[in-house]
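Student: I would like to work through this chain with you, one question at a time, and I would like each answer to show its reasoning before it gives the result.

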Amino acid sequence: MNLKIQAIHFDATEKLAAFIEKKVTKLEKSFEDIKDVDVLLKVVKPATAMNKETSLSVAVPGTTLFVEKTCDTFEEGIDQCVDAMKVQLAKFKEKQRNH
């Protein structure tokens, strides 16, 4: 699994990158055949609440799954994105089994 983290309008800290890596690697428990994971972190309108956009796109054989959340912190956004992606991966895996 290749992980790519992009930070737009700010520099991601090592701590944030390590947190993202730890959370995203857990997705492999839901679906083993993940090719690439792109994490996009973006600050929208600095100095306001709920200004951190986190998006997660996961490339699996045949398609790419995508989740986007807006939260107060990137950690919270990553948590929500990973949870939502687990649901999508479970549905995708179920469809694979039925075909």
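Student: Is Met50 buried, partly exposed or exposed, and what is its relative accessible area?
Tutor: The model is a predicted one, and in it Met50 is found in the loop between strand 2 and strand 3. Buried would require under 20% relative accessible area and exposed over 50%. Met50 falls in between, and therefore counts as partly exposed, with a relative accessible area of 45%.

Student: What is the phi of Met50, and which sign does it have?
Tutor: Most residues other than glycine have a negative phi. Met50 is a residue other than glycine, yet its phi is positive, with a value near 55°.

Student: Where does His9 lie, is it buried or exposed, and what is its phi?
Tutor: His9 lies in the loop between strand 1 and helix 1. Because the cut-off for exposed is over 50%, His9 counts as exposed at 66% relative accessibility. Although His9 is not a glycine, its phi is positive, at about 70°.

Student: What is the order of the strands in the sheet, and which strands stand at its edges?
Tutor: The sheet is open, has 4 strands with mixed pairing, and follows the order 1-2-3-4. One side of each edge strand is left without a neighbour in the sheet, because each has a single partner strand; the strands at the edges are strand 1 and strand 4. Neighbouring strands of this sheet are turned against each other, direction ignored, by an average of 10°.

Student: How many bridges join strand 3 to strand 2, and how many pair strand 3 with strand 4?
Tutor: Strand 2 and strand 3 run antiparallel, and Lys42 stands opposite Glu53 of strand 3. On the strand 4 side, Glu53 stands opposite Thr70, Ser57 opposite Phe66, and Ala59 opposite Thr64. The pairing of strand 3 with strand 4 is also in the antiparallel sense. The numbers asked for are 8 bridges between strand 2 and strand 3, and 9 bridges between strand 3 and strand 4.

Student: Which residue in the turn between strand 3 and strand 4 has a positive phi?
Tutor: Strand 3 and strand 4 form a hairpin, with 2 residues between them. In that turn a positive phi of about 100° belongs to Gly62.

Student: Why can strand 3 be called largely enclosed, and how many of its residues are buried?
Tutor: Ser57, which has its place in strand 3, is buried with a relative accessible area of 16%, and its contacts include Asp36, Val37 and Thr64. Val60 also lies in strand 3 and is buried, with a relative accessible area of 5%; among the residues it touches are Phe31, Leu89 and Phe92. Strand 3 is largely enclosed by the rest of the structure, because the number of buried residues in it is 7 of 9.

Student: What is the separation between the C-alpha atoms of Val60 and Val87?
Tutor: These two residues are 27 residues apart along the chain. The separation of the C-alpha atoms of Val60 and Val87 is 14 Å.

Student: Which residues of helix 1 are buried, and which elements of the sheet does this helix touch?
Tutor: The buried residues of helix 1 are Leu16, Ile20 and Val24. They cover an arc of only 60° around the axis, which puts them on the same side of helix 1, whereas Glu14, Lys15 and Lys22 are exposed on the other side. The direction of helix 1 makes about 140° with that of strand 2, and helix 1 packs on the sheet by touching strand 1, strand 2 and strand 3.

Student: Why does the span of helix 3 agree with its number of residues, and what is the distance between its end C-alpha atoms?
Tutor: Helix 3 has 25 residues, and at 1.5 Å a residue these should span 36 Å. The computed distance agrees, because the end C-alpha atoms are 36 Å apart.

Student: Which residues of helix 3 are buried, and across which strands does this helix lie?
Tutor: The buried residues of helix 3 include Phe74, Ile78, Met85 and Phe92, together with Gly77, Cys81, Val82 and Leu89. What covers them includes helix 1, helix 2, strand 2, strand 3 and strand 4. Helix 3 runs at about 150° to strand 4, and the strands it lies across are strand 2, strand 3 and strand 4.

Definitions and conventions: Residues numbered from 1 in each chain as written. Predicted model: local features only at pLDDT ≥ 70, side-chain atom pairs only at ≥ 80, totals over all residues. Heavy atoms only, no water. Expected span 1.5 Å × (residues − 1). Buried < 20%, exposed > 50% of the residue type's maximum accessible area, 1.4 Å probe, protein only. Contact = heavy atoms within 4.5 Å. Pairing = 2+ DSSP bridges. Arc of directions from axis to C-beta. Axes fitted to C-alpha atoms, helices over the stretch in contact; angles between N-to-C directions. Lists of a residue's contacts leave out its neighbours within four places in sequence.
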